[in-house]
2 protein chains.
Amino acid sequence: MSKPDTQTPRGRYRAQVREEVKRHAWEQIAAAGASALSLNAIAKQMGMSGPALYRYFASRDELITELIRDAYRSLADTFRARARADAGSKAGAGADLGDLAHALRGWALDDPQRYFLIYGTPVPGYRAPEDTTRTASEIMAVILDACAAAPAGSPGSPASPAEKLPTTHPSPFDAHLDAHRAWAGPHPAPSSALHRALLFWTRLHGVLSLELAGHFAGMGFDPAQLYTAEAEAVMGR
Amino acid sequence: MSKPDTQTPRGRYRAQVREEVKRHAWEQIAAAGASALSLNAIAKQMGMSGPALYRYFASRDELITELIRDAYRSLADTFRARARADAGSKAGAGADLGDLAHALRGWALDDPQRYFLIYGTPVPGYRAPEDTTRTASEIMAVILDACAAAPAGSPGSPASPAEKLPTTHPSPFDAHLDAHRAWAGPHPAPSSALHRALLFWTRLHGVLSLELAGHFAGMGFDPAQLYTAEAEAVMGR
DNA sequence: TCGCGTTCGTGATACCTTCTAACGAAGCGG
DNA sequence: CCGCTTCGTTAGAAGGTATCACGAACGCGA
C-alpha cells in the first residue's frame, strides 16, 4: 500500500498489470470457483513465469482479498447509482426498494461467483479488512435510506384486505432492535425501518443465494417471480 | 460401490477406516474450510502414508462428495426425527414449523461448515449425485408436510390487527406455483402451502447463512431473535 | 492347517501448487 | 550519463493430488 502511484510511468504500468491479473482471476473464478484460482495459471496466460506475479500481489490470499474488495465496491457502486437515479426521478431521499432489489439481482446474476465471494461460504480463519466492512456499511446505508423513505407499513407480506394500516403494531423484534441500533449509526429511522432493512437483506439473499447455487434447478417454478414476490412482501405491498 | 460388505471382517475394517477418515475430514473442514481439506494431512494424523487413503476413497473429490452426502442425510434425519416427535405429541400429520425451524438452526450452529457444504458457495462444474438430490427432496417433503398441516393463513408477517383471515387472497406467485408444482410431487397441498414451504426455506436460510458467515457480527442485535421472528412470519403468526 | 488370492500399506515417482531467493536486465530520475 | 529501483527470470524448497509396483498381511476354502 501507499503505492497507488498513477503519476509515474512505473506506477501506471504496475496498476495496469494488476488490473490484467485481476481480469484473468475473475475469469478463472467464474469458470471453476475461487478455490481453483491459480497464480501460476494466470501468469502463464499472461505470458509470464509464475513468480513474476509476486511483484504485484504478495500472496494468493492478497489477490483474493483484493477481488473481494472490488466485489464489495462494485455492489456499493451499483446501489449508489440506483439510489442517485431514483433521487432524481422521485421525491423521497432514498432509492425505491423495488429498484434496489432489481439492481441486486441483476448484479448477482451478472457474475454469481462474485456474489458468493461476498456472501458465500466463509473461510473459518479469514478476517475481512477494515475497508471492506466500511463498504458493507455503505451498502447497508443505502438500503436503510430506502427503508426510511418508504411508506410505513407492516413489512413482510401481502397485508390483509383492509390495506396497510399506518398503525403498525411493533413486533418483539422491533423492540429488541430499538435497544440494539448501534449498527444503524446516527440514522434517525424508526426501528420498523431497521427491521425492514434487515428483511430486505436476509429475504432477498435467501432466494438469490439458493437460486444462484442451483438449488431451485429442476423444480420448475421461476425464481425471478419468487424473488419479486419477496421484494414486494418486504415493501409491504 | 457395491462394496458395503459389513459382513466380512475386511468389509468391517474397511467401513471403520472410512469412517475414521471422514471424522478427521470433518475436523479439518471445521478448522479451515473444505478447500483446505488435505488427504495427506488426514493420512498423517492416522499414522499412515498418503497414498494409503486411495484404497478407501478414489479421490479427494469423492471424499468431499461423501461428506456432502452425509451432511444431507444428517439434516434429513434431524428433520424426520422432529417430524416423528411432533406427530406423536399433536394431532396434525406433519411437524410443527416452529419446531422444524428451531431444529434447523440447532443443526446448523452445531457445525456451520457442514451447513455450508450443502448451502454454501457452489463449485461451477460440480454435479450433485442423484441420491443427494433425493435426500434433498425428502427434506423438502418434511417441510411441505408441515406446511400442509399448518393452519391456513397469510404467510409472511404479523397479520393485521384483524387477525389472520381464512380467506387468503392468492398472490400472483401462488398462481404461478399452481402451474408449476411438479417439484411437490403428488402432494395434495394447496399452492399456498407450497409457497409457505418455499418461504420457510428461503427466509430461514437467508438469516441463518448470513449469521453463520459472520455478516451480523458487530451489529449488536441477536440473530436468534431475527430468526424466530422470520419463522413466526412464515407461520403467519 | 495350509496354501492362494485378495486386499492393504508402502516408497518411488510425476506433476501440480504456493512462495522464497538470487541474479541479470531494463527503466526512470537526477 | 550514471545509479538506484523495479521487474522478470531461473532454481529450489515444501507440500499437495494421484498412479504405480512391490511386499506383506489377511481371510477363505480346501
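Helices here are DSSP runs of H or I with at least four residues, numbered from the N terminus. This is a predicted model, in which local features need pLDDT of at least 70, side-chain atom pairs count only at pLDDT 80 or more, and totals for chains, interfaces and linings use all residues. Residues are numbered from 1 along each chain as its sequence is written, and side-chain values use heavy atoms, without hydrogens and water.

**View 1. The surface near DNA strand D.** Here, 22 residues surround the strand, and A:Arg55, A:Tyr56, B:Leu39, B:Asn40 and B:Arg60 are the closest; "near" asks for a heavy atom within 4 Å. With three residues, H1 of chain A gives the most to this surface. By class, the surface has ten nonpolar, five polar and seven charged residues, where Asp, Glu, Lys and Arg are charged, Ala, Val, Leu, Ile, Met, Phe, Trp, Tyr, Cys and Pro nonpolar, and the others, Gly among them, polar.

**View 2. Polar contacts to DNA strand D (N or O pairs within 3.5 Å).** Phosphate oxygens of the strand lie 2.5 Å from a polar side-chain atom of A:Tyr56 and 2.7 Å from a side-chain N or O atom of A:Tyr13. B:Arg10 instead places a side-chain N or O atom 3.2 Å from a base oxygen.

**View 3. A:Phe79, A:Trp201 and their neighbours.** Together with A:Leu75, A:Leu104, A:Tyr119, A:Ile139, A:Ile143 and A:Phe200, these two residues line the largest cavity (on a 1 Å grid over the protein atoms alone, points where a 1.4 Å probe fits but cannot get out; lining residues have an atom within 4 Å of a point). Its lining has eight nonpolar, no polar and no charged residues.

Methods. Chains are lettered from A and ligands numbered from 1 in the order in which they are written. On a 1 Å grid over the protein atoms alone, a cavity is a set of points where a 1.4 Å probe fits but cannot get out, and a pocket is an open set with protein on both sides within 12 Å along at least five of seven lines; lining residues have an atom within 4 Å of a point. A polar contact is a pair of N or O atoms within 3.5 Å; within protein, one must be able to donate a hydrogen and the other to accept it, and residues adjacent in sequence count only if both atoms are side-chain atoms. Helices (H or I, at least four residues) and strands (E, at least two) are DSSP runs, numbered from the N terminus.
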